[in-house]
Each structure stands twice: as structure tokens, then as C-alpha cells.
Amino acid sequence: MRVDPLCVRCGMGAETINHMLFECPPALQAWAIAPIPTPPQVFPTDALYSNMAHLFWNLPDNEDLVMYPWLLWYIWKARNYKVFSNDDYNPQDVMESAVTEARAWAAVQTLNQKMTLPKICYKYNPEDKILNF
Ligand SMILES: [Zn+2]
């Protein structure tokens with residue numbers, strides 16, 4: 001079985017993980033319109049580990065920036081839609097899907113925190129309760 005080494009989305013480079021996630025023009029556009037900082041010469045680069053290090057450790061502590069795992073995921077999914085269905089997803093749709101999913105995840109985390117009993121409830125012992133009549 002022959003495997004085409006060229007990127008199916010742009011045809012301009014070998015389809016490495018770094019190319020697909022960070023260097024392919026549609027991926028670059030998605031990063032450019034995302035809230036993730038993209039300082040020149042720092043991110044994205046031609047080095048996968050540098051790019052991942054930037055995302056994991058260099059981003060400011062800001063809840064708007066925690067959407068990057070979903071952006072990686074939706075860039076990957078856009079690549080797969082192209083490979084398996086020949087569908088093109090534009091970078092704006094990719095970014096909006098990532099933001100939507102990140103917000104849904106955050107909402108569930110908030111809901112889970114609300115449903116969790118406060119720690120004091122676990123310490124409650126009815127026999128400790130003093131009733132004065
Ligand atoms: Zn490409």
C-alpha cells in the first residue's frame with residue numbers, strides 16, 4: 001500500500017505531526033484567530049516539542065487560553081475529515097468548535113463543583129448534634 005507523504009490538506013509539505021497541527025496553512029490560520037498568543041519566532045515553530053512546550057508552560061494563567069487542547073483536537077479532526085471524506089473545514093469553524101467544546105467542558109466542571117458536597121458535610125455526625133428542648 002502506497003502512502004502519500006504529502007499533507008492532504010495543503011500538498012505543500014510532508015505530513016508530520018508538527019506540520020499537521022502547527023504549520024499547515026489551515027492550522028496556522030486557526031492558531032492566528034484563536035486567543036492563544038502566537039509570538040513570532042516562538043510559536044508556532046518547526047519543532048513539535050517547542051510548540052507543545054509553549055502551550056503547556058508558556059501561556060499566561062488565563063481561562064480563555066485553556067481551550068488549546070480542543071483546538072489541537074479540532075485541527076486533527078479537520079485533517080481527518082479531509083482525508084476520509086474530502087471535506088474542508090475552514091479555520092474559523094475549527095476555532096469556533098474548539099471554543100464551544102472548551103466552554104461546554106468548563107460548564108460541566110462548574111456543575112460538578114456545585115454538586116459536590118462541601119467538606120464539612122462529610123464530617124457531620126448526627127450524634128454530635130446537641131438538641132436543647
Ligand atoms: Zn499541510
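## Exercises on a predicted helical model

In α2, the residues Ala27, Ala30 and Trp31 are buried, where buried stands for 20 or more other C-beta atoms within 10 Å of the residue's own, exposed for 12 or fewer, and partly exposed for what lies in between, with C-beta atoms placed from the backbone. The model is a predicted one, in which local features need pLDDT of at least 70 and side-chain atom pairs count only at pLDDT 80 or more, while totals for chains, interfaces and linings use all residues. Residues are numbered from 1 along each chain as its sequence is written.

**Exercise 1.** Determine how the buried residues of α2 are arranged around the axis of the helix.

*Solution.* Start from the buried residues of α2, which are Ala27, Ala30 and Trp31. Viewed down the axis of α2, these buried residues fall within an arc of 95 degrees, so they line one face of the helix; the arc is that of the directions from the helix axis to the C-beta atoms. As general background, an α-helix has 3.6 residues a turn, so residues three or four places apart point the same way.

**Exercise 2.** Identify which elements give two or more residues to the largest nonpolar core.

*Solution.* A nonpolar core is a set of buried Ala, Val, Leu, Ile, Met, Phe, Trp, Tyr and Cys residues joined through C-beta atoms within 7 Å. The largest such core has 19 residues, and those with the most contacts inside it are Ala27, Ala30, Leu71, Tyr74, Ile75, Val94 and Ala98. Two or more residues come from each of α1 (17-23), α2 (25-33), α4 (68-85) and α5 (91-115), and α4 gives the most, with five residues. Helices here are DSSP runs (H or I, at least four residues), as strands are (E, at least two), numbered from the N terminus. Leu71, leaving aside its neighbours within four places in sequence, is in contact with Ala30, Ala34, Met95 and Ala98, a contact being a pair of C-beta atoms, placed from the backbone, that lie within 7 Å.

**Exercise 3.** Classify Met67 and Leu72 as buried, partly exposed or exposed.

*Solution.* Met67, placed in the loop between α3 (48-58) and α4, counts as buried because it has 22 C-beta neighbours inside 10 Å. Not counting residues up to four places away in sequence, Met67 touches Ala98, Val99 and Ala102, and its C-alpha atom is separated by 8.3 Å from that of Glu101, 34 residues apart along the chain. Leu72, by contrast, lies in helix α4 and is partly exposed, with 19 other C-beta atoms within 10 Å.

**Exercise 4.** Find what is notable in the backbone geometry at Gln41, Phe43 to Pro44, and Asn86.

*Solution.* Most residues other than glycine have a negative phi, and most peptide bonds are trans. In the loop between α2 and α3, Gln41 has a positive phi of about 70 degrees although it is not a glycine. The peptide bond from Phe43 to Pro44 is cis, with omega near -10 degrees. Asn86, in the loop between α4 and α5, has a positive phi near 55 degrees and is exposed, with 8 other C-beta atoms within 10 Å.

**Exercise 5.** Locate where in the protein the confidence is lowest.

*Solution.* The average pLDDT (the predictor's confidence in each residue, from 0 to 100) is 86, and 83% of the residues score at least 70. Confidence is lowest in helix α6 (residues 119-123), at a mean of 47, and highest in α1, at 97. Over residues 129-133 the pLDDT is below 50, and this stretch has zero contacts in the model beyond near neighbours in sequence. Where pLDDT is low, the predicted coordinates should not be read in detail.

Conventions
Contact = placed C-beta atoms within 7 Å.
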